[in-house]
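Reader: I have a structure open and no idea how to read it. Could you walk me through some features, one at a time?

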Amino acid sequence: LDVKTTFLHGDLEEDIYLSESEGFSETGEKSHLVCRLKKSLYGLKQVSWMWYQKFNSYIQQLGYHRSDSDPCMYTRQLADESRIYLILYVDDMLIAGSNQAEIRKLKQSLHDKFAMKELGQARHILGMRIEQNRKLKTLWLSQSDYIHKVLKRFNMDNAKPVSTPLPTTIRLSDRDSPSTEEERKLNGKIPYTSAIGSIMYAMVATQPDLAHVRGIVSRYMSNPGWKHWEVVKHILRYLRGTKDTQLTFGLANPIEVEGYTDSGYVRNTDNQKSTSHCVFTYGGDAISWRSKL
């Protein structure tokens, strides 16, 4: 589902005034007056929060409970012991569940309260492609289209792919950062931060294999050098070779939550800190991962 005119639904808590628009201004004795907003308006800093508060209040009135770990996920347990899940991302929603009658009831309630657009079965959302095989009870997530746009943006769409996300012969350090003002100005033209942000979204959504290397290159965003940039380009080349990789979810037997962790001790040559990694799986499928200094 998609919400139309999302930011016009919020209820303001503050008094906000604005000048009258050109062509709609009063004349004479009322020419000095301004408008006081009764509802939220696009362009205000707090409109996202106002919309979230409005939606959060309404969805909980319908009997849905907000997740403690993710404030944009809501669940409701039905009488038949099944559940309905609703995920909210600004104005985009995903609804999942096995009780179609209750899902239709939920959608009708949302239509009654907000102006909604129904987009059918989820196939693309937030740069992710969703594929399902109901017969095999399997679901795949991938970001091939998103990664292709990222590679094209940084002129790496024709680069030669590599097989590892991090060059095995390179160890980055603060010593590789520019030391003079002239070098900093020259390296300021490198789209370093933007590239890492693009890589990070792929890592967060579907590619846990990028977690470690993303953490390494992120340490030098304040003052990146050419050696750091070469490693970022290496990651982009790795993305070109793995852009069609899919994160797979199915029904394994038995259904168990398992966790794996490891640490690279004193691998950071700048401060001698360790890097810890972990990944959690549910039924053998990766559901959570992290790499942290």
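Author: Let's begin with axes: these are lines fitted to C-alpha atoms, for helices over the stretch in contact, and angles run from 0 to 180 degrees between N-to-C directions. Before we use that, note that this is a predicted model, where local features need pLDDT of at least 70, side-chain atom pairs count only at pLDDT 80 or more, and totals for chains, interfaces and linings use all residues. Residues are numbered from 1 along each chain as its sequence is written, and side-chain values use heavy atoms, with hydrogens and water left out.

Reader: Okay. At what angle do helix 5 and helix 7 pack?

Author: Here's the general idea: two packed helices are described by the angle between their axes and the distance between the axes. Helices (H or I, at least four residues) and strands (E, at least two) are DSSP runs, numbered from the N terminus. For helix 5 and helix 7, the angle is about 35° and the axes are 11 Å apart. The crossing of helix 5 past helix 7 is left-handed, a word used if the near helix is turned anticlockwise from the far one by less than a right angle (right-handed if clockwise).

Reader: Which residues of helix 5 and helix 7 meet there?

Author: From helix 5 come Y192, A195, I196 and I199, and they meet H228, W229, V232, I235, L236 and L239 of helix 7. Sorted by class, this contact of helix 5 with helix 7 has 9 nonpolar, 1 polar and no charged residues. For the classes, Ala, Val, Leu, Ile, Met, Phe, Trp, Tyr, Cys and Pro count as nonpolar, Asp, Glu, Lys and Arg as charged, and the others, Gly among them, as polar. An α-helix has 3.6 residues a turn, so residues three or four places apart point the same way.

Reader: How many residues does helix 5 have, and how far does it reach?

Author: Helix 5 covers residues 192–205, which is 14 residues, and reaches 20 Å from its first C-alpha to its last, close to the 20 Å expected at 1.5 Å a residue. The expected span is 1.5 Å times one less than the number of residues.

Reader: And which residues of helix 5 are buried?

Author: Buried means under 20% relative accessible area, exposed means over 50%, and partly exposed is in between (1.4 Å probe, protein chains only). In helix 5, the buried ones are Y192, A195, I196, S198, I199, A202, M203 and A205. Contact means heavy atoms within 4.5 Å, and the elements that these buried residues of helix 5 pack against include helix 3 (144–153), helix 6 (211–218) and strand 12 (247–249).

Reader: Let's do sheets. In what order do strands 9, 10, 11 and 12 come?

Author: Two strands pair if DSSP finds at least two bridges between them. Here 4 strands make an open sheet in the order 9-10-11-12, with antiparallel pairing. Strand 9 and strand 12 are the edges: each has a single partner strand, so one side of each has no neighbour in the sheet.

Reader: How many bridges join strand 10 and strand 11?

Author: Strand 10 and strand 11 (residues 138–142) pair over 5 bridges, antiparallel. Q132 has L139 as its bridge partner in strand 11, and E131 has W140. Their hairpin has 4 residues between the strands, and K137 takes a positive phi near 55° there. Strand 9 and strand 10 form a hairpin too, with 2 residues between them, and L126 in the turn has a positive phi of about 55°.

Reader: Is S142, in strand 11, buried or exposed?

Author: S142 is buried, because its relative accessible area is 3%. Leaving aside neighbours within four places in sequence, S142 is in contact with G127, M128, R129, T206, T245 and Q246.

Reader: What about V257 in strand 13: buried or exposed?

Author: V257 is exposed, with a relative accessible area of 57%. Beyond neighbours within four places in sequence, V257 is in contact with T281 and Y282.

Reader: Which sheet does strand 13 belong to?

Author: An open sheet of 3 strands, in the order 13-14-15, with antiparallel pairing. Strand 13 (257–264) and strand 15 are at its edges, each with a single partner strand, so one side of each lacks a neighbour in the sheet. On average, neighbouring strands of this sheet are turned by 10° against each other, direction ignored. Strand 14 (residues 275–282) and strand 15 are joined by 7 bridges, and C278 stands opposite R290 in strand 15. Helix 6 lies across strand 14 and strand 15, at about 25° to strand 15.
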